[in-house]
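Biologist: I have a protein model open on my screen and I would love some help reading it. Could we go through it together, one question at a time?

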Amino acid sequence: MKLVCLSLLSLVASAAAFAPAPNSAKSATVRMSAEKVPCFPATPLGGEPVFIGENYWDKLTMEYGSAETGTYLQAAEIKHGRSAMVAVTGFAFHKLGLTLDHISPHEYLSVTQNIKFADLAAMTPLDAMRAVPAEGLVQMFCAIAAIEIYELTHGSGGIQTGERVAPGLQAGGLTGDLGWNPLSVKVTDRRRLSEIQNGRAAMFAICAWVAHDAIPGSVPLSLPWP
């Protein structure tokens, strides 16, 4: 059921664009774009960090955009990586039999449409998603939209009022930091790198798993489930 998060978050994230800058700031932006914009993180290969795609990064942040463009691209990668990690977790739970028919005290997902959790557990994850009623998909969409609106409207620890343009729609406004850290975990570069690397791996994994289920024989590798 959680596979929908990957596609829905991708659609919502693509709507976050940069607000047009005033004329007085355009010249400053052009001057900034002439400087090389650093990118975090480079991929550690063989003990040394290797920046794969550096030429494209330089074009996007220097020739076609600015440092704020790079901030947006990094936030988009983090968001898609988090979505993919949620999708991978839901997919794996379904395949391994850790489904709601064994957890939920309720037998039915929808009484009115006679859909049981056990019925969904007997399907593949993709078929189970297709069987979820429209009301269930709307609930998931609303939950995701609430997170998106929170990110777009909050900054510096609270909701930003008196802004003509939402903070998340301003240049460089989206950073991937929701400001939610209930365990007060110290955010280090090592932890940031781990999250991004795990997100990248999850994006590859969910693409392969969905392709494996949707197109038989498309993945020439044996997976730990039928």
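Biologist: Which residues make up the largest nonpolar core?

Modeller: Keep in mind that this is a predicted model. In soluble globular proteins, nonpolar side chains tend to be buried together. Here the largest such core has eight residues: Ala84, Ala87, Val88, Phe91, Ala92, Ala202, Ile206 and Trp209.

Biologist: Which helix gives the most residues to this core?

Modeller: Two helices, α4 (67-95) and α8 (189-214), each supply at least two of the core residues. With five residues, the helix that gives the most is α4.

Biologist: Is Trp209 buried or exposed?

Modeller: Trp209 sits in helix α8, and Trp209 is a member of the largest nonpolar core. Being buried takes a relative accessible area under 20%. The relative accessibility of Trp209 is 15%, so Trp209 counts as buried.

Biologist: What distance separates the C-alpha atoms of Trp209 and Val88?

Modeller: Both residues belong to the largest nonpolar core. Along the chain they are 121 residues apart. In space, their C-alpha atoms are separated by 8.6 Å.

Biologist: Why does the span of α4 agree with the expected one?

Modeller: Helix α4 has 29 residues, and at 1.5 Å a residue these should span 42 Å. The C-alpha atoms at its two ends give the value to compare, and the two agree because those atoms are also 42 Å apart.

Biologist: How far does α8 reach from its first C-alpha to its last?

Modeller: Helix α8 has 26 residues, for which 38 Å is expected at 1.5 Å a residue. The value in the model is close to that, at 37 Å.

Biologist: Which residues of α7 are buried?

Modeller: Helix α7 covers residues 134-153 and reaches 28 Å, close to the 28 Å expected. An α-helix has 3.6 residues a turn, so residues three or four places apart point the same way. In α7 the buried residues are Gly136, Met140, Ile144, Ala145, Glu148 and Glu151.

Biologist: Now to a charged residue. Which residues does Arg200 contact, leaving aside its neighbours within four places in sequence?

Modeller: Arg200 lies in helix α8. With a relative accessible area of 19%, Arg200 is under the 20% limit and therefore buried. Its contacts beyond those neighbours are Pro41, Thr43 and Glu77.

Biologist: What is the volume of the second largest cavity?

Modeller: There are two cavities of 30 Å³ or more. Arg200 is among the residues lining the second largest, together with others including Glu77, Ile78 and Met203. The helices α4 and α8 each give two or more residues to this lining. By class, the lining has four nonpolar, two polar and four charged residues, and the volume of this cavity is about 40 Å³.

Biologist: Which element gives the most to the lining of the largest pocket?

Modeller: The largest pocket has a volume of about 1,200 Å³, and 38 residues line it, with Ile78, Arg82, Gly176, Leu178 and Glu195 nearest its centre. Elements that give two or more residues to this lining are α1 (4-13), α4, α7 and α8. With 11 residues, the one that gives the most is α4.

Biologist: How many charged residues are in the lining of the largest pocket?

Modeller: We can sort the lining by class. It has 21 nonpolar residues and eight polar ones. The number of charged residues is nine.

Biologist: Is Ser184 buried or exposed?

Modeller: Ser184 lies in the loop between β6 (158-159) and α8. Most residues other than glycine have a negative phi, and most peptide bonds are trans. Ser184 has a positive phi of about 55°. Its relative accessibility is 61%, so Ser184 counts as exposed.

Biologist: What phi does Asn114 have?

Modeller: Asn114 is found in the loop between β3 (108-110) and β4 (115-116). Asn114 is a residue other than glycine with a positive value, near 55°.

Biologist: Let us finish with the whole chain. What percentage of its residues count as buried?

Modeller: The chain has eight helices and six strands. Of its contacts with a separation of 6 or more, 64% are between residues 24 or more positions apart. Among the 226 residues of the chain, the share that counts as buried is 28%.

Note on methods: Residues numbered from 1 in each chain as written. Predicted model: local features only at pLDDT ≥ 70, side-chain atom pairs only at ≥ 80, totals over all residues. Heavy atoms only, no water. Core = buried A, V, L, I, M, F, W, Y, C linked by side-chain atoms within 4.5 Å. Buried < 20%, exposed > 50% of the residue type's maximum accessible area, 1.4 Å probe, protein only. Helix = DSSP H or I, 4+ residues; strand = E, 2+ residues; numbered from the N terminus. Expected span 1.5 Å × (residues − 1). Contact = heavy atoms within 4.5 Å. 1 Å grid on protein atoms, 1.4 Å probe; cavity = no way out; pocket = protein on both sides within 12 Å on 5 of 7 lines; lining within 4 Å. Points joined across faces, edges and corners; volume = space filled by probe spheres on them. Nonpolar A, V, L, I, M, F, W, Y, C, P; charged D, E, K, R; others polar.
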